[in-house]
Amino acid sequence: MEETVKDNIIVVGGYGHVGRTLCEELGDRYPGKVYAAGRSMKRAEQLSASSGGKVKPMQLDISKPADPNMLASAKLVIMCLDQTETDFVRACLEAGTNYMDVSAQGDFLEQVERLAGVAERNGATALLSIGLAPGLTNVLAKAAYGLLDETTEIDISIMLGLGDQHGKAAIEWTVDNLNAQFPVMLNNRQSMVNSFEGGKRIDFGRSLGQKKSYRFPFSDQQTLARTLSVPSVSTRLCFDSAAATALMAGLRSSGAVRLLKTGWIRSAAVAGFGKLRLGSEQFAVKVDAWGSKSGRESRAECLLVGNNQSRMTALTAIFVADALYRKEYPNGVFHIEQLFGISDMKNWIEREAELTINGE
């Protein structure tokens, strides 16, 4: 009996905002091996046609049991959809299929971490925190951490441009988390904080200046506290429009964001965000780390400024996907900073954005 060749790449949500870029780029590198997968066969076929057949269509509903034949021929699955259950991830790992996920949902990623034994037993590698945030934020935090002998605190700050094209899933995640309460590590103790509270002025460099940023539940802050063993880690968010950031903070402090639990109000907010074009396409990530070096108090910082955050998310995923497809990595479940460092990614990052790394 002929053995099934395990060489396909399945991009789940492959015709979505980030998934489309992934399929097109990987389709150029591995024509005929990349599948745009999702519930809509029509949209998958449209993407396949626009790629000249380099990308193939696949109908896939991850809420249903995974087809063993599909996974038997898949070397890598890239997940571009948010999930609440880990059944599909487990099926991938049990089939010995490498898995990577662009999700920013910290509680879900922690569930996937608990599948490390499944991945190890079946010779699979799962890589999490793939994108701009989490993803490049993790790698930049690791770079700042590496400039200090001991790190006691890391602050991550993300500025997003409201003139950028944001995918519907990303907008829904942002809207749904405006009223979130979530855990962070403060001095080695878990504390609960609220979205769009804890405002702090952040210096985003000469071109952008200082902007007030607020706590937001990106998963990097929970992950890095574990993977780097840093006592205090926080992540904040702001927009290039100071007025839009202030409006969000005002809605949070007034309690008006609770109205987003009402279905039609949530839908209207998602639609409104999608049409909003107040600012530019620029984004920025600032990482500030405090601790000690050579016996004295010290600080390190990393700043990344570029355009089109969705493209940077896709490019990060493309870099990781290419690495997982071509090379062998340890089996288990990892976050991006556990297998990659800034030196691995610096060349392509600097072609796309302005990167500054400083240690005092």
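These legends describe close-up views of a predicted model.

**View 1. Seven strands make an open, parallel sheet.**
The strand order is β3-β2-β1-β4-β5-β6-β15. β3 (55-59) and β15 (332-335) stand at the edges. Each has a single partner strand, so one side of each is left without a neighbour in the sheet. From one strand to the next, the twist averages 20°. As background, strands of a sheet pair through backbone hydrogen bonds, either parallel or antiparallel.

**View 2. Strands β1 and β2 pair in the parallel sense.**
β1 covers residues 8-12, and β2 covers residues 34-38. Four bridges connect these two strands. Find Ile9, then look for its bridge partner in β2, which is Val34.

**View 3. Strand β15 pairs with β6 at an edge of the sheet.**
β6 and β15 run parallel and are joined by four bridges. Opposite Thr125 stands Gly332 in β15. In a regular strand the side chains alternate between the two faces of the sheet. Which residues of β15 point one way, and which the other? Gly332 and Phe334 point one way, while Val333 and His335 point the other way. All four are buried.

**View 4. Helix α5 packs on the sheet.**
α5 spans residues 106-113. This helix touches β5 (98-101), β6 (125-128) and β15. The direction of α5 makes about 150° with that of β15. Glu110 has its place in α5. Is Glu110 buried, partly exposed or exposed? Its relative accessible area is 31%, and buried means under 20% while exposed means over 50%, so Glu110 is partly exposed. The C-alpha atoms of Glu110 and Ala243 are separated by 35 Å. Along the chain, these two residues are 133 residues apart.

**View 5. Helix α12 lies across four strands.**
α12 runs through residues 309-326 and lies across β1, β4 (74-79), β5 and β6. The helix runs at about 170° to β5. How many of its 18 residues are buried? The number is 16, and α12 is mostly covered. Its length can be checked too. At 1.5 Å a residue, the 18 residues should span 26 Å. The end C-alpha atoms are 26 Å apart, which agrees.

**View 6. Two tyrosines, Tyr30 and Tyr325, form a tilted ring pair.**
A pair of aromatic rings is described by the distance of the centres and the angle of the planes. The whole structure holds eight aromatic pairs. In the pair of Tyr30 and Tyr325, the ring centres are 4.5 Å apart and the planes stand at 50°, so the pair is tilted. Tyr30 lies in the loop between α1 (17-29) and β2, and Tyr325 lies in helix α12. The pair therefore ties together parts that are 295 residues apart in sequence. Tyr30 counts as buried at 10% relative accessibility. Tyr325 is buried as well, with a relative accessible area of 12%. Lys75 joins the scene: its charged end sits over the ring of Tyr325, 5.0 Å from the ring centre.

**View 7. Phe319 and Trp348 link two helices.**
Phe319 lies in α12, and Trp348 lies in α14 (residues 342-352). The ring centres are 6.3 Å apart and the planes are at 35°, so this pair is tilted. The pair ties together parts that are 29 residues apart in sequence. Phe319 counts as buried at 19% relative accessibility, since the cut-off is under 20%. Trp348 is buried, at 11%.

**View 8. Five aromatic residues form a cluster.**
Ring pairs link Phe196, Tyr214, Phe216, Phe218 and Phe239.

**View 9. Helix α9 is largely enclosed, and Ser229 follows just after.**
Six of the eight residues of α9 (residues 220-227) are buried, so the rest of the structure largely encloses this helix. Among the buried residues are Asp220, Thr223 and Leu224. Ser229 sits in the loop between α9 and β12 (232-239). Ser229 is exposed, with a relative accessible area of 58%.

**View 10. Three spots show less common backbone geometry.**
Most residues other than glycine have a negative phi, and most peptide bonds are trans. Phi of Ser229 is positive, near 55°. Ser294 also has a positive phi, about 55°, although it is not a glycine. Ser294 has its place in the loop between β13 (282-293) and β14 (296-307). Ser294 is exposed, at 65% relative accessible area. The peptide bond from Ala133 to Pro134 is cis, with omega near 0°. Pro134 has its place in helix α7 (residues 132-146).

Key: Residues numbered from 1 in each chain as written. Predicted model: local features only at pLDDT ≥ 70, side-chain atom pairs only at ≥ 80, totals over all residues. Heavy atoms only, no water. Pairing = 2+ DSSP bridges. Axes fitted to C-alpha atoms, helices over the stretch in contact; angles between N-to-C directions. Contact = heavy atoms within 4.5 Å. Phe/Tyr/Trp six-rings, centres within 6.5 Å; stacked < 30°, edge-to-face > 60°. Buried < 20%, exposed > 50% of the residue type's maximum accessible area, 1.4 Å probe, protein only. Lys NZ or Arg CZ within 6 Å of the ring centre and 35° of its normal. Expected span 1.5 Å × (residues − 1).
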